[in-house]
Structure formats: structure tokens, C-alpha cells
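Me: I'd like a close look at one part of this model. Could you walk me through a single helix, what it packs against and the core around it?

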Amino acid sequence: MKCRKCGSAAVLELRRHNAAFCAPDFLEFFRNQIREAIRKYRMFARDEPVLVAVSGGKDSLALWDVLIDEGYRTTGLYLDLGIFDYSVESRAKCEAFAAARGVPLLVRRVADEVGAPVPVIKAVTRRPPCSGCGLSKRYLLNRAALDEGLPVVATGHNLDDEAATLFGSVMHWQMDALPRQSPALPSTHPKLVRRVKPLYRLSERETAAYAFLRRIDYIVDECPFAAGATSIAHKETLNRLEDASPGAKHNFLFGFLEKARPAFERAEAVVLNECARCGQVTTGTVCAFCKLADQVKRAAPVAGGGSTPVL
Amino acid sequence: MKVVLRNPRREVEVPGNRRVKDVLRELNILPETVLVIRGDDLITADQQVSDGDTIELRPVMSGGSEPRPPRPAHLRLYPTSRHPLP
């Protein structure tokens, strides 16, 4: 198989683009996709400082690597979830990455903020671990950015992540989730920072290839709590579709963003309040994060829902 | 030839002297879900692998992160994915 650009031996085939690339041309393709994402959605300006949420995985470290190379002023934020050896190893990867490139890395421990690490939250809430984990991440990322005076948070969500989330939302016709699915969510409240996903044009295989070719030392092992997650099942389903019809995931996500999302956006009208306890943004009186922290403090399961955090 | 798999890490022996895509098919692995690594290089699915080769099939899927928060109870139109009998 030959590189589409230079004709030398290819290292990666991209079936959805009916193309293959050698290493240098793939790296350039990868960077171009991120440049296009930032440009198309006006994610951040050249002189804006960016908080990059890093997990030690391939996506977030690949994103950080590109943004550093492109000359953006970045600060990394690692959230220590307290998930046994997985968190120890992933934190070490982030610290080594930041140290090697001389860029700042902030570390926040979920246990300090919520009162317990993710495994305990899982036991207390009796909900899937990804639920409390995702809620804590959205809340703490926003708060850290506000604390540090950074206007925008960039996360490593890739095309597969976004397609799987969209698939889940469509499967249940979650009319409130569909308009919020976007590569860039603007700040709609003084206490909500902008959230952007510069990798949305790139598949997770492409981010893994970038990380490998750039010799980025990332954590390959999955989060021990990911097994059985609904998002994984959705990804597997979409990968089977992709195998049968290359470009299916791309068409699904991009078609939604270009054709369908505007219709859902018009339907959304949400009243934003400040949480009576912590002052962060919520649709209710007390935000879901504070409720989670209460639940952990009481160490007893609480039935029922709660207001939806708008993070 | 030797194939290194992850999550959990393990090794399996399969016949070589064929294309990578044939190895993937035998192991029932979709090409979209792995990087194929031989030594320090990525290789494409059409490349030949020999009996003496060792390749790593590194999974690329990450997940379980950032699920949507549950809808408020009063807005929850579909509280369960199971449907009651008519």
C-alpha cells in the first residue's frame, strides 16, 4: 500500500478516506484536521490560553502534543480519579509528558473535591462508575478553568467518542442532549467556560497512530471500570457498521452536525441558575455535583434524580 | 508467528506467511479497532507477516468516559429502555 501523497510505503490505511499515508504525511494530515477543527468552530484564538484536560490516554496527550507544537499557550489538567494502579500509572504518564516538554500541569484529586475516589462513589451511588466520574470531570474541569482564569477547556474527545455519544442520544431521543452535542460549546454563563473538542474530526485509531508515531508514552490499558460501559457497546456496534461501510461513523456524526443539529438547537431553552451551595451553574437549585458529594458524605444510597448540571 | 494482544496482555501463536488482514480475520478482530505494530513500525493490513514475526495488535478503543448526565426525573420521557407489554 502506497502513501497517497508521496507514493512511499504507507504505515496507515484510512478506509473512510479511501487513502493511506506514510508516517510524515499522516502526521501532517492529523495536524491539518485539528487546525481545521479549531478554525471551523473558532475554538480559540492564537493568543488565548487553553486548559487541556489530560487523562494519560492517547487522545488527550496527542491533542496536547499538537497544541504545544502549534505554539498555543497550554496548561494541562489531570484529574486523579483514585482508580487504583490505573490512576497511579496514568498520572505518571501525564507528569512525564509535561516535564519532557516543559509545560505546566495541574493535578486535582477527585477524592479531595467529592470526598471519596471514584470506586467509593460507585459503591455509594450504586450507579455505573462512569456516571459519577463523568459528572465529577465536567464539574471540576470547569471550576479549575475558572479558578485559573482560563477561558476555554479542550478535551480529547474524538470522532468515535462523539459518534457513540450521538448514537446513544438518538437511541433514546434525548432531546436535551442533542443540541448540546457539538465540537464547541460556547460559554452561556459567566461561570461556564467554553468547551471544545479539537479531535472530533479524527478517529480513535488515528489518534492512537499519531501517539504511536510521535512516541508518546500513553496508558494503553483500559480503565478497569470501562468494561460493560454503554458507550463501549455503542462503539462496538458502530465499528461493525464501519467495517461493512467505511465512512459510516464520519457520515453519521458530520451529517448530524451539518444538517440535523440546528433543528434541535432551536428547540432548546434552559434556565441557568447558580448552585445555592457552591455557586457553579445548574438548572436546579443545588447542582448535581454537590448532591453527589452529599451522597458520598452520608455514604448511603439516595434514590431519585436531581437537577442536570450544565457542564 | 506470535501475536501480542492487550486488555489483558497475552500472546497467541498463529500461522504466518500471509497478510495481516488474514491474521485479523482469524482472530475475529476488526481492522478499525487496532493498530498493527511490528517492531517500531506500524504496518498496514495488506502487508505479509512471516512465521518468525511478532506483531502487537494494540486496541485503540477508549471509553466509559463522559456519559450524558441523567435527565431530571420530571423530564424523563423514557425512564427505561425496556418497554412494557402492550
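Reply: Happy to; here is a tour of helix 1 of chain A, its partner helix and the nonpolar core. Please keep in mind that this is a predicted model.

Helix 1 of chain A covers residues 23-40, and it packs against helix 2 of chain A, residues 58-69. Their axes lie 11 Å apart at an angle of about 80°. Since angles of 65 to 115 degrees count as roughly perpendicular, that is how the two helices are therefore oriented to each other.

Which residues make the contact between helix 1 and helix 2 of chain A? From helix 1 come A:F30, A:R31, A:I34 and A:I38, while helix 2 supplies A:A62, A:V66, A:L67 and A:D69. By class, this contact has 6 nonpolar and 2 charged residues, with no polar ones.

Now to the core. The largest nonpolar core has 59 residues, and A:F26, A:F30, A:F44, B:L35 and B:L42 have the most contacts inside it. Helix 1 of chain A gives this core its largest share, 7 residues. A:F30 thus links both parts of the story: this residue meets helix 2 and is listed among the best-connected core members.

A:F26 deserves its own glance. Leaving out residues up to four places away in sequence, A:F26 touches A:L12, A:L14, A:F21, A:E206, A:A209, A:Y210 and A:L213.

Finally, there is a second, separate core of 36 residues, including A:L51, A:L79, A:Y86 and A:Y139.

Conventions:
Residues are numbered from 1 along each chain as its sequence is written. Chains are lettered from A and ligands numbered from 1 in the order in which they are written. This is a predicted model: local features need pLDDT of at least 70, side-chain atom pairs count only at pLDDT 80 or more; totals for chains, interfaces and linings use all residues. Side-chain values use heavy atoms; hydrogens and water are left out. Axes are lines fitted to C-alpha atoms, for helices over the stretch in contact, and angles run from 0 to 180 degrees between N-to-C directions. Helices (H or I, at least four residues) and strands (E, at least two) are DSSP runs, numbered from the N terminus. Angles under 35 degrees count as roughly parallel, over 145 as roughly antiparallel, 65 to 115 as roughly perpendicular and the rest as oblique. Contact means heavy atoms within 4.5 Å. Ala, Val, Leu, Ile, Met, Phe, Trp, Tyr, Cys and Pro count as nonpolar, Asp, Glu, Lys and Arg as charged, and the others, Gly among them, as polar. A nonpolar core is a set of buried Ala, Val, Leu, Ile, Met, Phe, Trp, Tyr and Cys residues joined through side-chain atoms within 4.5 Å. Buried means under 20% relative accessible area, exposed over 50%, partly exposed in between (1.4 Å probe, protein chains only).
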